[in-house]
Amino acid sequence: MSAEKINIPSKNILRQNYEVYNPYFTDIMQFVVDTLKTKVKLSSQPTYKSRVKSFESYYKKVLRLKSDQLEETNRMIYLTDMMGIRMICAFMEDINFAVDQIKNLFEIKEVEVKGSQKKFSEFGYESTHVLIKIPQEVSDELNSKYPELEPPSNELVCEIQIRTILQDAWAEVEHELIYKTEFNPFDIPLRRKLASINASLTLADITFQEIRDYQNKLQREMEERRKSFYLMADDLLNEKVEKKEDSQINRITPFVQGTIDDMLLQAISAHNQGNLQQAVDIYSKIIEATPESEKNIIAVIRKHRGMAYFSMNNFDSAIEDFDISLEYDPKAFRTYYYKGIVCSIQKKYDLAIESFTKSLEINKFQAHTNFRRAMAYYEIGEYEKSMNDLDVALKLGMKPEECKVLQEKLTKKFGMSM
């Protein structure tokens, strides 16, 4: 009795079918990448890698999983991982943000976190895989572009792998060391080394995220502090000198005093809550503990303490701190701007103009600095210079309603001189 003959097409026939459909899959993948690049917005924009599954990899998988379809030589044998896109993010938090946004862009077939069940001693690194359905309108468009091709499947999908930079680095090296060579080391010391590298990369990712979280908290507090500074400056320049308390409190839980970063966050938080003397005391402790060689730290802390003094109406101390800050960081255009505001409030308009000018020499694209200098020029009777600065401020995006009062004053002055 003879063995049953199995009709398996040649590898070349499979390759021909694969190559015919390769541009088709490439176009689909490009549509997905373009959509992600345009629509997904993260704090740090991701980078993308994409590929149509290589023929050798495709061939091995077809033989292993689709042997029942091998006699159908006239149509493409479709695999759900024919198209793969890798989205590489800077921080761990970006992964969940990306998944949420992808869910709003595509129909999701599956979300899987690869490697999440591995033991700590194993080498695998986590990677979030999102399987999306290609929209029907895209399939229809491609069917029109390639009328000679039969649609490879009733439902086309594409896999998006979302990883951090370090997860991607590990995946690339792991692929070369283990999967590509089909070698998984048995030697215990070597396995421990690989596990140690894996753990170190994981720890680095966690540390990067912790730093990012801290920066975000600090940035929010600094924005609130800067906003309150400007509001108080507006009130004082309009001769509304009554002291205003900040009603927004307990936005964050202050860190325990320890590192300079922790103390700075606590000081800015106290500043924003209206606990100004506490803020000044913490800033002063940081200054006392900081070596003279750490010029950048001293410049930053002096600037912040100067803003706290300003909020206490202690303008001379504020100017002193701003001046010392500028000695350590002469390119700090915002510090010159803050100094200019305080000088304007003190009606030292020449000094204010000098400070605003130095700020603009460092960064000329500052709408508010041009506007403040325009106000100072107006006070000393330099109406043409004031009008020029006001025009620049408007061109740089200053809101017309914010400039209306000064504009009306200048119009009257020019009308009287005609």
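At what angle do the axes of H1 and helix H2 (residues 55-65) cross, and within what distance do they come? In this predicted model, the two axes cross at roughly 120 degrees and come within 11 Å. H1 is therefore oblique to H2, since the angle falls outside the range of 65 to 115 degrees that counts as roughly perpendicular and is not over 145 degrees. The crossing of H1 and H2 is right-handed.

**Residues between H1 and H2**

On the side of H1, the residues Lys11, Leu14, Arg15 and Tyr18 take part; they meet Phe55, Glu56, Tyr58 and Tyr59 of H2. Sorted by class, the contact of H1 with H2 has five nonpolar residues, three charged residues and no polar ones.

**A second helix pair**

Helix H9 (residues 295-311) and helix H11 (residues 333-345) also have axes that come within 11 Å, and these cross at roughly 20 degrees. Because angles under 35 degrees count as roughly parallel, H9 and H11 are described as roughly parallel to each other. Their crossing is left-handed. From H9, the contact involves Lys303, Met307 and Phe310; from H11, it involves Thr335, Tyr338, Val342 and Ile345. By class, the contact of H9 with H11 has five nonpolar residues, one polar residue and one charged residue.

The table sets out the two helix pairs.

| Helix pair | Axes come within | Crossing angle |
|---|---|---|
| H1 and H2 | 11 Å | roughly 120 degrees |
| H9 and H11 | 11 Å | roughly 20 degrees |

**Aromatic pairs**

The structure holds 15 aromatic pairs. One of them joins Phe31 and Phe106 in an edge-to-face arrangement, with 6.4 Å from centre to centre and 85 degrees between the planes. Phe31 belongs to helix H1 (residues 11-39), while Phe106 lies in the loop between helix H3 (92-105) and strand E3 (107-114), so the pair ties together parts that are 75 residues apart in sequence.

**Confidence in the model**

The mean pLDDT of the protein chain is 81, and 81% of the residues score at least 70. Confidence is highest in helix H12 (residues 349-362), at a mean of 96, and lowest in helix H6 (residues 188-237), at a mean of 72. Over residues 119-123 the pLDDT is below 50, and this stretch has eleven contacts in the model beyond near neighbours in sequence. Residues 240-257 also have pLDDT under 50, and the model gives this stretch 33 contacts beyond four places in sequence.

Technical notes: Residues numbered from 1 in each chain as written. Predicted model: local features only at pLDDT ≥ 70, side-chain atom pairs only at ≥ 80, totals over all residues. Heavy atoms only, no water. pLDDT = per-residue confidence, 0-100. Helix = DSSP H or I, 4+ residues; strand = E, 2+ residues; numbered from the N terminus. Contact = heavy atoms within 4.5 Å. Axes fitted to C-alpha atoms, helices over the stretch in contact; angles between N-to-C directions. Left-handed = near helix turned anticlockwise from the far one by under 90°. Nonpolar A, V, L, I, M, F, W, Y, C, P; charged D, E, K, R; others polar. Phe/Tyr/Trp six-rings, centres within 6.5 Å; stacked < 30°, edge-to-face > 60°.
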